[in-house]
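Me: I'd like to go through this complex with you piece by piece. Can we take it as a round of questions and answers?

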Amino acid sequence: MLMRQPFVMRLARLHSGFGWAVLLLLTALALVVVPLLNQFVTPDSALYIPDWLVTLTGRFLCLALVALALDLIWGYTGILSLGHGAFFALGGYVMGMHLTHNRMETGTIPNFIQFLGRDDWPWFWVPFQSFWFTAVMVFLVPGALALVFGFFAFRSRVRGVYFAIITQALTFASMLFFYRTETGFGGNTGLTDFRELLGFSVREADTRLVLFMLSAVAVMLSYLLCRYIVTSKLGRVLVAIRDAESRVRFTGYNPLRYKLFVWTVSAMLCGLAGALYVPQTGVINPGEMAPANSIEMAVWVALGGRGTLVGALVGAGTVNGLKTWITAAYPDLWLFVLGGLFIAVTLFLPKGLMGLRQQMAGRSKQ
Amino acid sequence: MSMMDTLRELGKREEVFSFLQHAAPSPALDTRHGPILYVEGVTKSFDGFRALDDLTLYIDDGELRCLIGPNGAGKTTLMDVLTGKTRPDTGQAWFGQRLNLLELPEHVIAQSGIGRKFQKPTVFEQLTVFENLELAMHASRGLWTSLRWRLDGEQQDRIDEVLALISLTEQAHAPAGVLSHGQKQWLEIGSLLMQNPRLLLVDEPVAGMTGQESEKTAELLTSLAGKHSVVVVEHDMDFVRSIARTVSVLHQGSVLAEGSMDEIQSDARVREVYLGE
Ligand SMILES: Nc1ncnc2c1ncn2[C@@H]1O[C@H](COP(=O)(O)OP(=O)(O)OP(=O)(O)O)[C@@H](O)[C@H]1O
Ligand SMILES: [Mg+2]
């Protein structure tokens with residue numbers, strides 16, 4: 001039957017030939033060129049990619065994944081979340097708990113748990129000894145929180161600014177929860193001092209290189225997943241919800257399900273990003289859940305251009321690149337630059353960097 | 001919930017193809033015993049003001065009914081009640097014998113076969129004209145179906161047919177936002193046709209249309225009657241005269257008079273309300 005087109009065909013149509021070529025090129029860059037330049041070129045060569053740069057890029061890739069997830073819910077569905085930092089950090093904590101298990105000798109427990117007056121692992125720590133359990137929880141923990149939170153928020157038809165504010169409250173509340181020593185997640189120090197993952201030392205440059213490559217693969221696959229969603233009819237329903245939600249209802253679609261679906265997918269992608277980020281930074285603490293962090297994530301997407309996916313990736317890369325440079329060179333200036341950037345984008349680039357090309361093309365025509 | 005739903009959708013994948021059967025009213029719809037729509041004693045107050053006041057109205061299966069009345073008579077509010085947008089304070093509203101419209105959410109009412117065109121045309125502005133029609137097309141509204149959705153040849157033809165009918169073939173791939181007011185009206189009517197509902201509630205369809213366009217609309221609506229039931233709200237009396245069989249006059253939230261256009265026009269109370277008409 002015509003309808004039953006093979007899945008491969010549908011996948012092939014996600015992009016034009018040119019789009020696929022770029023994607024392939026970028027993947028080859030991350031999986032072949034970078035490792036070669038890092039491993040086989042001598043440090044004095046101009047082409048050499050130092051270890052720190054590999055790790056830095058690996059972390060940027062994780063943040064870009066968050067931007068991608070945020071664009072799915074904000075750019076396409078029109079729901080601004082200022083709480084994605086919570087989902088990101090939850091994924092990070094899940095991975096951090098596994099890494100904490102890995103650094104302890106059998107039979108010993110970390111100090112912050114001893115301080116609670118215990119001499120064994122609390123029940124919710126025990127299963128994270130298993131890597132596979134952890135790998136599943138990386139998705140399920142942020143996903144479950146998003147599902148429950150989203151269900152109540154969307155069912156009560158909380159929208160727009162009100163939704164954005166309660167997501168800020170969500171991340172703030174999570175932060176307070178993790179800050180408390182009594183909850184058993186290491187208080188304000190968080191989880192750190194990680195040693196190994198699946199038997200490989202997370203401090204070794206080689207492991208870091210592999211983590212970088214895994215992050216690149218994660219971004220690539222997530223991008224394709226998002227692209228699959230937004231190019232399907234489901235994606236058009238999302239855009240329709242953004243434009244005229246009540247009309248969507250009167251057409252017979254239940255917006256609650258659609259919103260809940262992308263919202264949960266988005267949170268799960270953040271969880272994955274957090275889990276890949278933590279072994280590359282070596283620490284996870286409640287600071288990641290600070291409301292300002294989530295706002296910054298929205299700036300990435302706004303700068304790159306909403307509703308384009310690629311824009312989110314570009315925006316995350318640009319802002320984080322700037323941040324790394326400025327916080328090193330002029331540490332006091334960063335917040336001003338960030339604020340200025342946000343204002344500039346709002347005033348002059350409503351469609352972000354992705355819209356810039358269109359804008360220029362439009363101007364040259366006039 | 002979404003995952004559970006997805007799983008459930010997975011279990012009934014044969015439904016993906018069920019939209020091929022065209023006129024597919026909800027199995028729960030039962031019109032064997034007369035009217036398709038029962039509205040009885042419906043009252044709705046907004047801050048003490050009765051927009052609907054003990055309103056009673058029946059629409060027969062296949063009927064074309066015109067609803068007229070001065071501004072603020074409650075015509076739009078009635079449609080809001082029937083489509084689940086507004087819940088009345090008291091009264092009953094049934095679609096067929098079995099579907100209690102006052103208990104169902106908007107999307108379920110729409111799925112069970114009530115389509116609506118709004119007074120202010122609402123289309124999905126960022127989607128193309130074609131995509132607007134595609135979204136409205138009668139099919140399962142589940143997540144999984146939407147994710148795996150592909151148009152087959154027959155459906156493609158159906159959309160082309162409707163595009164031609166609403167004279168938007170050339171604009172098929174333009175975003176709906178750039179259409180003129182009249183074209184948006186047409187697109188919304190086209191979307192209604194794609195939904196293939198049993199009952200169409202059409203609020204002021206010819207506002208902003210030229211004489212020729214509104215003639216075409218009249219033709220379209222009359223051709224729908226029989227297979228579908230149609231309720232049209234309109235201020236344009238010429239238009240009403242050209243399509244009407246039965247006219248109901250709404251005034252201050254209840255039905256003032258009901259009958260053929262001639263009967264209505266000779267009714268003393270109606271003339272009083274429409275002083276100057
Ligand atoms: N949500 C609301 N809140 C308060 N008042 C409302 C609301 N909806 C409608 N009304 C009032 O109810 C009355 C009936 O409104 P309705 O829109 O149903 O009139 P109508 O018959 O459609 O008029 P028109 O011909 O102008 O479209 C009006 O006086 C209106 O102001
Ligand atoms: Mg009205």
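**Charges, metal and confidence**

Reply: Sure. This is a predicted model, and a good place to start is the network of salt bridges that links R103(A), D193(A), R195(A) and R203(A).

Me: How far apart are the closest N and O atoms of R203(A) and D193(A)?
Reply: R203(A) sits in the loop between β3 (200-201) and α8 (205-231) of chain A, and D193(A) in the loop between β1 (191-192) and β2 (196-197), so the pair ties together parts 10 residues apart in sequence. A salt bridge here needs the nitrogen within 4 Å of the carboxyl oxygen. For R203(A) and D193(A), the closest N and O atoms are 2.8 Å apart.

Me: Is D193(A) buried, partly exposed or exposed?
Reply: Buried means under 20% relative accessible area and exposed means over 50%. D193(A) has 31%, so this residue counts as partly exposed.

Me: Which residue does R180(A) meet in a salt bridge?
Reply: R180(A) is partly exposed, with a relative accessible area of 47%. The partner is exposed, at 52%. The two side chains meet at 2.8 Å, N to O, and the partner's name is E182(A).

Me: How many residues apart in sequence are the parts that E125(B) and K184(B) tie together?
Reply: The side chains of E125(B) and K184(B) meet in a salt bridge at 3.3 Å, N to O. E125(B) belongs to the loop between β6 and α4 of chain B, while K184(B) belongs to helix α7 (residues 181-195). The parts are therefore tied across a separation in sequence of 59 residues.

Me: And is K184(B) buried or exposed?
Reply: The cut-off for buried is under 20% relative accessible area. K184(B) has 15% relative accessibility, so it counts as buried.

Me: How many salt bridges does the structure hold over all chains?
Reply: Side chains of opposite charge can pair when their charged atoms come close. Over all chains, the salt bridges come to 24.

Me: On to the metal: which residues are the protein donors of the magnesium ion (ligand 2)?
Reply: One donor lies in helix α2 (residues 75-82) of chain B and the other in the loop between β6 (114-117) and α4 (129-136), so the pair ties together parts 43 residues apart in sequence. The donor atoms, OG1 and OE1, lie 1.9 to 2.2 Å from the ion. Their residues are T76(B) and Q119(B).

Me: What about the nonpolar surface patch on chain A: what is its area?
Reply: Its members are F18(A), V22(A), L26(A), L29(A), V32(A), V33(A), L36(A) and F40(A). Patch residues need over 30% relative accessible area. V33(A), placed in helix α2 (residues 17-39) of chain A, has 34%. Together the patch residues make about 800 Å².

Me: Where in chain B is confidence lowest?
Reply: Chain B averages a pLDDT of 85, with 87% of the residues scoring at least 70. Over residues 10-25, though, pLDDT stays under 50. Confidence is highest in α4(B), at 96, and lowest, at a mean of 51, in helix α1 (residues 2-11).

Me: What share of the residues of chain B count as buried?
Reply: Chain B comes to 11 helices and 10 strands. It exposes about 12,000 Å², with carbon and sulfur atoms supplying 49% of that area. Of its 277 residues, the buried share is 56%.

Me: What ipTM does the predictor give the complex?
Reply: The predictor gives the complex two scores, one of them a pTM of 0.89. The ipTM is 0.87.

Note on methods
Residues numbered from 1 in each chain as written. Chains lettered and ligands numbered in written order. Predicted model: local features only at pLDDT ≥ 70, side-chain atom pairs only at ≥ 80, totals over all residues. Heavy atoms only, no water. Patch = residues over 30% accessible without salt bridge, like charges linked within 9 Å, V, L, I, M, F, W, Y side chains within 5 Å. Areas by Shrake-Rupley, 256 points an atom, 1.4 Å probe, with all protein chains shown as cover. Helix = DSSP H or I, 4+ residues; strand = E, 2+ residues; numbered from the N terminus. Buried < 20%, exposed > 50% of the residue type's maximum accessible area, 1.4 Å probe, protein only. Donors = N, O, S within 2.8 Å, 3.2 Å for Na, K, Ca; no water. pLDDT = per-residue confidence, 0-100. Contact = heavy atoms within 4.5 Å.
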